Amino acid sequence: MATPLTVLQSQSYTNFNCIHKDCEDNCCGGWGIVIDKRTFDTYRECTDAELRPIMDSNVDVIDGTPNDMAYAQIKLEHDRCPFLSESLRCRIHEKLGESALSRACSTYPRAVNLVDGVLECSLYMSCPEAVRVVLLDPDSMALEASVRSQALRFASPPSLDTKDRKYTNKPYEHFPAVRDLVTSILRNRNYALWERLLILGFFCDHLDRVIAANDGASVGDMVAGYAAQIEEGLFAGAFKDVPYQPIEQINFVTKWIDARAADGTLNPRFVTTCDEFKKGIDVGSIDGGAAAYVDAATRYYEPFVDANPHIIENYLHNYMFKALFPFGPQKSLYFEQKSVFTEYVLLVVHYAIVRSLLIGSAAYHREAFGEAQVVTVVQSFSKAIEHNLPFLKRILGFLENRNLNSMVYMAALTRG
Ligand code: SF4
């Protein structure tokens, strides 16, 4: 019998339902679908006359696979999973049941972490329906706790145990307080969103210095100090001299969407997103698109975000909840340990690219810019870049090698 498990899930996680054939970018197309070893082995013993030949010819072991969770991969046919029926239903699911699906197929787009024994559930933004339920509902990130007794299919989720003393590289015992603080900063509408991101950056930088000084015991006081300063409005006006740098923002996003395109196959939706960004602001024009970028930000993007402040906040909140920001997990199959400030830089990289692509989309669609465009931009970006860990590592390496992993450059990328 499965042991009861406390589950903490966002309202969006509860509300998510796959829309199958109505999905505009089915997850069974356009990217690698990985199969865990246990599922691969069962496919090699499958007796279904229709499915077995596809399993034999279209499921290949990944050369030099790092672990059993990503043991094999499904070969797509015409960019689609060969197990999909004409009506875009999964034939493995239909004929053999959910238990026959690989862990990736049965759980996507659900993401989980284990924090102090509690399973924390959120959603990946590479699924269009997940983007809608996370971004468009003002209360989507409200968390609900429940106790489950049934077995869950998530294997080896990234984990963090605040009481485990063998991980000494970060003051993990303060993770709950730090997480509460960073979430409250993100949600504090007394400051513009870019100002909140800068406060977050200074906090993360400060936290890294405390860690370097081996002074983890002072983190509680530090968190309380920041909370009090924010509450008293001591950051008000602190960033008024930070310059707005639209050309730097355009150059940054252009560099990385071009680099991603040069890497190979791109999802058609992300190609459209990038084309609309470039055409919308006319990247090739004499000012590099700066005038159109500023105009679109002022006339279309900012009024939309001001009227719907939850949308970008929810994107960042979902990211932070899923990433165990700013510490990251202690144990994970894929996660590599980073400093607190590097976690912050990665957050800003996501925000800066998404925001600039949205401004480009606003320049392209003008008065028609709205929720539909936001969903397309966020989902296509997530599928092309957010899931591509080597590519994100490359961006971080670039910033580090040029000493651009600094608050000055983070301000240049975020200042609106
Ligand atoms: S991308 Fe999301 S909504 Fe679309 S088929 Fe996959 S899980 Fe369902």
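**Entry 1: Asn 214 and Asp 282**

I started at Asn 214, which sits in the loop between α8 (193–212) and α9 (219–231). Helices (H or I, at least four residues) and strands (E, at least two) are DSSP runs, numbered from the N terminus. I noted that the model is predicted: local features need pLDDT of at least 70, side-chain atom pairs count only at pLDDT 80 or more, and totals for chains, interfaces and linings use all residues. Residues are numbered from 1 along each chain as its sequence is written.

I looked up the backbone of Asn 214 and found a positive phi, near 55 degrees, in a residue that is not glycine. Most residues other than glycine have a negative phi. Is Asn 214 buried or exposed? Asn 214 counts as exposed, because 9 C-beta neighbours lie inside 10 Å. (The cut-offs: buried means 20 or more other C-beta atoms within 10 Å of the residue's own, exposed 12 or fewer, and partly exposed in between, with C-beta atoms placed from the backbone.)

My next stop was Asp 282, also not a glycine, whose phi is positive at about 55 degrees. I found Asp 282 in the loop between α11 and α12 (290–307). With 16 C-beta neighbours inside 10 Å, Asp 282 counts as partly exposed.

**Entry 2: cis peptide bonds**

Most peptide bonds are trans. I made a note of the bond joining Tyr 108 and Pro 109, which is cis, with omega about 5 degrees. Pro 109 belongs to the loop between α5 (103–107) and β5 (110–115). I also found a cis bond from Phe 325 to Pro 326, with omega near 5 degrees. Pro 326 is in the loop between α13 and α14.

**Entry 3: around the ligand**

Which residues are around the ligand? I wrote down Cys 18, Ile 19, His 20, Cys 23, Asn 26, Cys 27, Tyr 108, Pro 109, Cys 127 and Glu 129. (A residue is near a molecule or strand if its C-beta atom, placed from the backbone, lies within 6 Å of it.) By class, this shell has seven nonpolar, two polar and one charged residue. (Ala, Val, Leu, Ile, Met, Phe, Trp, Tyr, Cys and Pro count as nonpolar, Asp, Glu, Lys and Arg as charged, and the others, Gly among them, as polar.) So Tyr 108 and Pro 109, from the cis bond, turn up here too.

I then picked out Cys 18, in the loop between α1 (11–15) and β2 (33–35). Cys 18 is partly exposed, because 14 other C-beta atoms lie within 10 Å. How many residues separate Cys 18 and Glu 129 in sequence? They are 111 residues apart in sequence and 7.0 Å apart in space, C-alpha to C-alpha.

**Entry 4: helix α6**

Glu 129 is also one of the buried residues of α6. The others on my list are Pro 128, Ala 130, Val 131, Arg 132, Val 133, Val 134 and Leu 135. Eight of the eight residues of α6 (residues 128–135) are buried, so this helix is largely enclosed by the rest of the structure. I checked what the buried residues pack against and found α1, β6 (118–123), α13 (310–323) and α15 (371–386).

**Entry 5: helix α14 and its partners**

Now for α14 (residues 340–365), which packs with α16 (residues 389–401) at an angle of about 110 degrees, the axes being 11 Å apart. (Axes are lines fitted to C-alpha atoms, for helices over the stretch in contact, and angles run from 0 to 180 degrees between N-to-C directions.) The two helices are therefore roughly perpendicular. (Under 35 degrees is roughly parallel, over 145 roughly antiparallel, 65 to 115 roughly perpendicular, and the rest oblique.)

I listed Thr 342, Val 345, Leu 346 and Val 349 of α14 as meeting Leu 392, Ile 395, Leu 396 and Leu 399 of α16. (Contact means C-beta atoms, placed from the backbone, within 7 Å.) This contact has seven nonpolar, one polar and no charged residues.

I turned to α17 (residues 407–414), whose axis comes within 9 Å of that of α14, crossing at roughly 20 degrees. That makes α14 and α17 roughly parallel. Here Val 345, Val 348, Tyr 351 and Ala 352 of α14 meet Met 410, Leu 413 and Thr 414 of α17. I counted six nonpolar, one polar and no charged residues in this contact. Val 345 of α14 is in my notes for α16 and for α17.

Definitions and conventions:
Two residues are in contact if their C-beta atoms, placed from the backbone, lie within 7 Å.
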